[in-house]
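Biologist: I am new to this structure and would like a close look at a single part of it, with its surroundings described afterwards. Please take the pairing of strands as the starting point.

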Number of protein chains: 2
Amino acid sequence: MKALTFHGKEKIVFESIADPEILQPTDVIVKVKLACICGSDLHVYYEHEKGLDHGTAMGHEFVGEIVEVGKEVKRLHIGDRVMSPFTTNCGQCFYCKIGLTCRCEKGQLYGWVENGHGLHGGQAEFVRVPMADATLEKIPEGISLEEGLLLGDILSTGFFCAHQAEINPNGVQAIVGCGPVGMMTIVGAKEYGATKLFAIDSVEERLKMAESFGAIPINFKKQNPLEVIKEHNQGRGADAVMEVVGNGNAARLAYDILRPGGIISTVGVCNDQHLAFSPVDAYNKNITYKVGRCPARHFMDKLIPIVQKKKYDLTSILTHRMVLSEGTIGYDIFANKKDNCLKVVLEV
Amino acid sequence: MKALTFHGKEKIVFESIADPEILQPTDVIVKVKLACICGSDLHVYYEHEKGLDHGTAMGHEFVGEIVEVGKEVKRLHIGDRVMSPFTTNCGQCFYCKIGLTCRCEKGQLYGWVENGHGLHGGQAEFVRVPMADATLEKIPEGISLEEGLLLGDILSTGFFCAHQAEINPNGVQAIVGCGPVGMMTIVGAKEYGATKLFAIDSVEERLKMAESFGAIPINFKKQNPLEVIKEHNQGRGADAVMEVVGNGNAARLAYDILRPGGIISTVGVCNDQHLAFSPVDAYNKNITYKVGRCPARHFMDKLIPIVQKKKYDLTSILTHRMVLSEGTIGYDIFANKKDNCLKVVLEV
């Protein structure tokens, strides 16, 4: 089959690799229809973490149709249109049962093969899905393939980020970063009841879209975010800040605009050696800091009814669309934010 | 009056300083009966933070009797036996109203005078208490002066630490550090319903006392805390860890023994430049990290009924007792943990 594969720092290749096969009786094989490039694919792209085998199929955002099922698969059948969270999960362990599916004891992240072990990703014609009954969800009526793509990762991640922020409808919240996850976090925060919600970025096009989703935009190159928030919160910083960028500057800004006793919710992977605030900083503001990978499988089901309502133009964030064979260009456009790119969809 | 005063690193002097006077109509003057040396007094003692005026009366744990009241004081009268949280608070601002009295907009910490401004501490014959109606609480029937001392700081801090840990009675929790605050955190955690509660330290006498308060002791020099906890939690780390030491080693241990999705609650002041875990560490475990100063005024009232029940031998942690004039020796014994010292009470 054809796939977009990893071959070292900033080197993605469109090439033929072996077709995936059923390895366990609980596996299925999915014929991919659409895939997306995710911000966290860039951690692989820039080789922030070493160890990935060259030739690994990239990507963890995909939707498609089941073309083969293992003998023990019960819930799913050939022909089912399915969406997948970005990590697999067993559905049986402690973490799956408490809703922390992203920390499943048997879970794996797509697009990470090390020493021949692991999972190939979904930016390919086919993908093997382990523990498929627990991992995959059928795409129900009223949900498009594009929406299914969002449910499997960034929409769920946005809701998770807002969930962690314990939105108080009478309070003031801020989101640092108006990339794709930031937009979905706005949607999540609004659905959790946010009424005074600020979205902080420096790119006007992104801020305009943030406004279209219901946030009050702050361009941090033109305005002082803390001062703007204070004006709307009786002189105090934000009650909660959702930081979705995953770098030290964003984390520090999140700290600086938070009021004492507030919550910082972070879902971005930050590769800095140290947190952007010291233990004394944290103590002096009595902060609650919640951080981690989204348990997307846990959120997907809950969000289906919200997506079905079509209240938000969620797929407006899919700014670029191309075929899989053009994926190398897609990575370049996405990684370098060319042409106001927010999100690239790949047709397979 | 006589007081124990700060004169630079590791230099506490028993000397005469000016009697405090009513400066604001909401002030009262308290004749101190008992005071304690607190672990956080050692941050002053070791000059971890610069700026304190030499000659400042030390200490923020005291109880006594009101001997003078300002014109606008309404709730309190001369002769009232009172206890005080370690910070003052107005009772009116946003933070006081949400129960975060330690971050009161007008609040001050006792024992911190800078450029002539601030509050002298309670290790003295008399102490001025601002915003007294909101700050002080009368010591009710059935509460001894010693218990009042504990309510004003470390008992409240222990409960706050346990509160932040969101104790699940069916879960497993651990406390890192069996100093005075650690002991009170055990009491707090037990009252919040903890049933499998581990207390970690390396001093056998402290571990014995921790056991007497209801914890399962782990001597980290003899046992591997993570392995012990895993045996009791189906192979997982602790669901929540309360870290009450305030240094990097303790913070790292708290991280290491936590299960994914767990909570770290910290109430100690840590002067390290960086947190003991990186952003990726935090992400990889989906941690919730709650840190900060205890809103003691908020907790004191709630804890009075618990203290009145006399279920715990709380004052057993008051291992050393001496008169104020011997306080210099008291600091040496306490700071250097001589003679198995846990806590020093000073009679005034």
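In which sense do strand β16 and strand β17 of chain A pair, and over how many bridges?

Modeller: This is a predicted model, and what follows should be read with that in mind. Strand β16 of chain A, residues 320–323, pairs with strand β17 of chain A, residues 344–347, in the parallel sense, and four bridges join them. One residue position shows how the two strands face each other, for A:Val323 stands opposite A:Glu347 in β17(A). Helix α12 of chain A, residues 327–335, belongs to this part as well, and together with β16(A) and β17(A) it makes a right-handed β-α-β unit.

Parallel pairing is also found in another part of chain A, where strand β14 (residues 258–266) and strand β15 (residues 288–291) are joined in the parallel sense over four bridges; here A:Ile263 has A:Thr288 in β15(A) as its bridge partner. Helix α9 of chain A, residues 248–256, lies across β10 (172–176), β13 (238–243) and β14 of chain A, and runs at about 150° to β14(A).

From β15(A) the description passes to the second chain, since three bridges join β15(A) to strand β15 of chain B, residues 288–291, with the two strands running antiparallel. In this pairing A:Tyr289 stands opposite B:Tyr289. The result is an open sheet of twelve strands with mixed pairing, in the order β12(A)-β11(A)-β10(A)-β13(A)-β14(A)-β15(A)-β15(B)-β14(B)-β13(B)-β10(B)-β11(B)-β12(B). At its edges stand β12 (216–219) of chain A and β12 (216–219) of chain B, each with a single partner strand, so one side of each is left without a neighbour in the sheet. From one strand to the next, the twist averages 20°.

The relation between the chains can be stated in the same careful way: a turn of 180° with a shift of 0.0 Å along the axis lays chain A on chain B with an RMSD of 0.0 Å, and the two copies are therefore related as by a two-fold rotation axis. In chain A, the C-alpha nearest this axis belongs to A:Tyr289, at 2.5 Å from it.

As for the contact between the chains, 29 residues of chain A are in contact with 29 residues of chain B. On the side of chain A that touches chain B, the elements giving two or more residues are α2 (94–97), β14, α10 (279–284) and β15 of chain A, and by class this side has 15 nonpolar, nine polar and five charged residues. Because 100% of the interface residues of chain A are also interface residues in chain B, the copies meet through the same surface.

Key: Residues are numbered from 1 along each chain as its sequence is written. Chains are lettered from A and ligands numbered from 1 in the order in which they are written. This is a predicted model: local features need pLDDT of at least 70, side-chain atom pairs count only at pLDDT 80 or more; totals for chains, interfaces and linings use all residues. Copies are superposed by least squares on the C-alpha atoms of residues with pLDDT of at least 70 in both. Two residues are in contact if their C-beta atoms, placed from the backbone, lie within 7 Å. Two strands pair if DSSP finds at least two bridges between them. Axes are lines fitted to C-alpha atoms, for helices over the stretch in contact, and angles run from 0 to 180 degrees between N-to-C directions. Ala, Val, Leu, Ile, Met, Phe, Trp, Tyr, Cys and Pro count as nonpolar, Asp, Glu, Lys and Arg as charged, and the others, Gly among them, as polar. A crossover is right-handed if, with the strands pointing away from the viewer, the path from the first strand over the helix to the second runs clockwise.
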